[in-house]
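Welcome! Please take a moment to look over the sequence and the model below, and then we can walk through them together.

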Amino acid sequence: MGGGGDGHSTTYKGLTMHQPKRWHTVTGKGMCALMWFWIMYRAKKDGPVVLGWRHPWEGHEDHSHGHGHGNGQGHEASH
């Protein structure tokens, strides 16, 4: 198997693992941080619902005031 003999690799049981390039490492760490920020953000927003501590519809006011009667039509159509 070909490969550069630059000394930046490890061979174990015939499998050679090369060191990643710097941009791979930096990009991977950045994506990992973004993933954890997103998970923590969603946990803050959805955590109580996911854990069963509250229902998803709790905390919402009645949104039907000023709107139609649930049939998708406005006040003009009810005349």
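What follows is a tour from the overall layout to the individual residues.

Please keep in mind that this is a predicted model, in which local features need pLDDT of at least 70 and side-chain atom pairs count only at pLDDT 80 or more, while totals for chains, interfaces and linings use all residues. Residues are numbered from 1 along each chain as its sequence is written, and side-chain values use heavy atoms, with hydrogens and water left out.

Let us begin with the overall plan. The chain has one helix and two strands, and along the sequence they come in the pattern β-β-α. Here, helices (H or I, at least four residues) and strands (E, at least two) are DSSP runs, numbered from the N terminus. Of the 79 residues, 1% count as buried; buried means under 20% relative accessible area, exposed means over 50%, and partly exposed lies in between (1.4 Å probe, protein chains only). The chain exposes about 7,800 Å², and carbon and sulfur atoms supply 62% of that area. Such areas come from the Shrake-Rupley method with a 1.4 Å probe, and for residues only the protein chains shown count as cover.

Now turn to the strands. Strand 1 (residues 9–12) and strand 2 (residues 15–18) pair in the antiparallel sense over four bridges; two strands pair if DSSP finds at least two bridges between them. Thr10 has Met17 in strand 2 as its bridge partner, and Tyr12 is matched there with Leu15. Together the two strands form a hairpin with two residues between them. Lys13 sits in the loop between strand 1 and strand 2, and it has a positive phi of about 50 degrees although it is not a glycine. Most residues other than glycine have a negative phi. With a relative accessible area of 75%, Lys13 is exposed.

Next comes the helix. Helix 1 covers residues 22–50, and Ile39 lies in it. Together with Met35, Trp36 and Met40, Ile39 makes a nonpolar surface patch of about 400 Å². Patches are made of residues with over 30% relative accessible area and no salt bridge, with like charges joined within 9 Å and nonpolar side chains (Val, Leu, Ile, Met, Phe, Trp, Tyr) within 5 Å. Ile39 counts as partly exposed because its relative accessibility is 36%.

How many aromatic pairs does a search of the whole structure find? The search finds one. It is formed by Trp38 and Tyr41, in a tilted arrangement with 5.7 Å centre to centre and 35 degrees between the planes. Rings of Phe, Tyr and Trp (its six-membered ring) pair if their centres lie within 6.5 Å; planes under 30 degrees apart count as stacked, over 60 as edge-to-face and the rest as tilted. Trp38 and Tyr41 are three residues apart in helix 1, so they are separated by about one helical turn. Trp38 is exposed at 54% relative accessible area, whereas Tyr41 is partly exposed at 42%.

The structure also holds one salt bridge, meaning a side-chain nitrogen of Lys or Arg within 4 Å of a carboxyl oxygen of Asp or Glu. Arg42 and Asp46 form this link, and their closest N and O atoms are 2.7 Å apart. Because Arg42 and Asp46 are four residues apart in helix 1, about one helical turn separates them. Arg42 is partly exposed at 30% relative accessibility, and Asp46 is partly exposed with a relative accessible area of 30%.

Finally, helix 1 bends by about 55 degrees at Lys44, with a proline, Pro48, following within four residues. The bend at a residue is the angle between axes fitted to the seven residues ending there and the seven starting there. Just after helix 1, Gly52 takes a positive phi of about 80 degrees.
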